[in-house]
Each structure stands twice: as C-alpha cells, then as structure tokens.
Amino acid sequence: NNCSVPEQYRSRLFPILFLKKKHWFCSLNQFQLLTRVDVKESVRGQTIFIIQTIPRDVNTAIMELLVMAYALKTSCAKNIIGVIPYFPYSKQCKMRKRGSIVCKLLASMLAKAGLTHIITMDLHQKEIQGFFSFPVDNLRASPFLLQYIQEEVPDYRNAIIVAKSPSAAKRAQSYAERLRLGLAVMHGEAQCSESDMADGRHSPPCVRNTSGHPGLELPLMMAKEKPPITVVGDVGGRIAIIVDDIIDDVEDFVAAAEILKERGAYKIYIMATHGLLSADAPRLIEESAIDEVVVTNTVPHEVQKLQCPKIKTVDVSMILAEAIRRIHNGESMAYLFRNITVDD
C-alpha cells in the first residue's frame, strides 16, 4: 500500500496483480526474472556445445537450456550439441498408471528447440535413446567406478557385488565379471510398493439399469505379493558393494544395508553414477549402516558432502571432455566404449 507503481507498468502488471494483489513487489520481481539469451558474437555455421549440469532447480535448468538452444538456432548455428551428464526426468520413461512419459516429452522439446546431438551419461534405461530424433551418445561411468573399487576399497578381493533388486542384476553381474568377484541379489520389499496403493482401479463398477448384453467376464488376476527382503548369495564376512545408476531416495539403500549387516557383511559400499541425494538423504546415510557412498560429479552435491562425510566423489569430466573433442574433430566415439558391455 505504501509503494507507488508507475503508470506505464500498471497495465502490464494488472493480470498478475489481479491474482496476487497482496504481493506487488513479489509480482514485479517474478515479472522481471525471466530467462533471456543474447548471443554476443556470430555463430552462423558454427558447431556449439552447451554444457548444462542439472542443479536442484531442475525445471529452471531445462528452461534455460531450451531458451539457449533456440537462441542459437535462430542465430543460424550449424550444430547445437547439448552436454547433459545427468538427463533429467529419465526415471519417467515408461507409463505408470495414469501418468505420462515425461522423458519422451523432454526429448521432443529439446529437438524442437534446435538441439542436434546430445552427450549424456548412464541413462536410466538405454531405450530412452529411441525417444530422440537426433543422435545420442550415452557414455558410461563404470570404468571410473571399477577403478575406484580397485584402488580405494581395501581388500576388495574379499568383496561381493550386490544387486539391490532383480532388475539391477544385469548391471551387478557386469561389475562382478570384470572384477572377478561373486554376485548376490536382493529380492523382496521392506514395505508395500506403490502398485499396492488404492488408485480406484479395483472400485466396484457402476450399476446400470440397461437391458442388453451383460458383457464379458474377465478372469480374476491373482494379486502380486512381494515377500520380505531376502538375499540370494552368501555375504557373510564379505565387503558388500551395491551398484546402481541413480541414488536419490536412500530409504531402500538403508534398508538393504541393514539386511546385509544382519547377513554378516562387515562393510557396505554403494556405487552409483548420479548422486541426486534429495531431501534428508545425507542425514539418513550418516545414521545408517552404510560405510561409504561413491557417486560421480554428474550432479552437483557439494552441500550434501558437507552434511555427510561418507559421500565420496569420482571425477568423470575426462571422458566428457574427450567426447567433445572427438565430436568436434569428427573422430570415432568407439574408443570411449571399449570394454563396455551392454549391461553397464
């Protein structure tokens, strides 16, 4: 009430002030904080690399990438290559209940904005590459994590690779074969899964007072019931190394670590490419039976490391820089995938 808005701005702010009339200053700031890209030199006919890491504010980073790519496209850049070490929304790559495949939507948006190529690392599902209408180089972090195990894990020959779920068994098997170690698989869940939640699918059908064909009677499906967590494999007196691609919500990892401790594992490591570590993940890791969490620097996590000294970082910038150099010089990318299996 004590501020004065100039006359020339009142008409522009009217729709915002109408919705939030008590927040004039906030509305004015939100009106001005928009992403704007000005290309300061000619990029006509050039190949441009946009390096975009994904911070906590994921949607802002995506919008910045889209605006920047579109600005370069309208400036007649020849090739616009996005270097996105962690591809956001990669977990939403399949239809779940009444949801949507957001990863496919994001791929279409990037193509529409003008990107012609993407360099990323360890997509959640390799089939995501089929969502794109342009080439995708899906690099692997497994050589760096394997090197860390060999050099930084004491007595790693006494370790066993653990898959947190049967779906992660292929990745774990690939690690185990190259390290010449044993393999263990965890099966079951500590709590009810999301699929068991009520979502209206089992509600009784509406009663209709219409005469006609009664319809087909479908056979009743048996309800899926997951047993408590069990470990297939001997982990007693061994170092347990759990491998995965993303560590975000750590409750499953904490529960797995407790089971492995009960089965006799005396040290527990977690190896993952992308350390999102959202919410109170650092506190849960610090208070858990996990001895060390090793992630790469595809996602910034400096704050999480300050909160939890158990979190260690492996640098993968070398392979990203080499990928950029090879693409720029028109060289083959096969060298970066040597000794890489499909299951990595």
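## The largest cavity

About 40 Å³ of space lies inside the largest cavity of this chain, and the model that shows it is a predicted one. Its lining is made up of Q52, I54, A61, I62, L65, I84, F87, P88, L106 and L110. Sorted by class, that makes nine nonpolar residues, one polar residue and no charged ones.

Where does the largest share of this lining come from? The answer is α3, which supplies three residues. Both α3 (58-74) and α4 (102-113) give at least two residues each to the lining.

## The second largest cavity

The count of cavities of 30 Å³ or more comes to two. The second largest has a volume of about 30 Å³, and you can find it by looking for Y86, F87, S90, T120, M121, D122, L123, H124, I246 and H274, the residues that line it. Here the classes divide into five nonpolar, four polar and one charged.

One residue is worth finding in your viewer: F87 appears in the lining of the largest cavity and also in that of the second largest.

## A closer look at α4

Let's turn to α4, one of the helices beside the largest cavity. This helix has 12 residues and spans 16 Å from its first C-alpha to its last, close to the 16 Å expected at 1.5 Å a residue. Its buried residues are V102, C103, L106, A107, L110 and A113. Viewed down the axis of α4, these buried residues fall within an arc of 145 degrees, so they line one face of the helix.

What do the buried residues of α4 pack against? Their partners are α3 and β3 (117-121). Two of the buried residues, L106 and L110, are also listed in the lining of the largest cavity. On the β3 side, T120 and M121 belong to the lining of the second largest cavity.

Just after α4 comes G114, where the backbone takes a positive phi of about 125 degrees.

## The chain as a whole

Stepping back, the secondary structure of the chain comes to 10 helices and 11 strands. How much of the chain counts as buried? Of its 344 residues, 40% do.

Contacts across the sequence round out the picture. Among contacts in the chain with a separation of 6 or more, 66% join residues 24 or more positions apart.

Key: Residues numbered from 1 in each chain as written. Predicted model: local features only at pLDDT ≥ 70, side-chain atom pairs only at ≥ 80, totals over all residues. Heavy atoms only, no water. 1 Å grid on protein atoms, 1.4 Å probe; cavity = no way out; pocket = protein on both sides within 12 Å on 5 of 7 lines; lining within 4 Å. Points joined across faces, edges and corners; volume = space filled by probe spheres on them. Helix = DSSP H or I, 4+ residues; strand = E, 2+ residues; numbered from the N terminus. Nonpolar A, V, L, I, M, F, W, Y, C, P; charged D, E, K, R; others polar. Expected span 1.5 Å × (residues − 1). Buried < 20%, exposed > 50% of the residue type's maximum accessible area, 1.4 Å probe, protein only. Arc of directions from axis to C-beta. Contact = heavy atoms within 4.5 Å.
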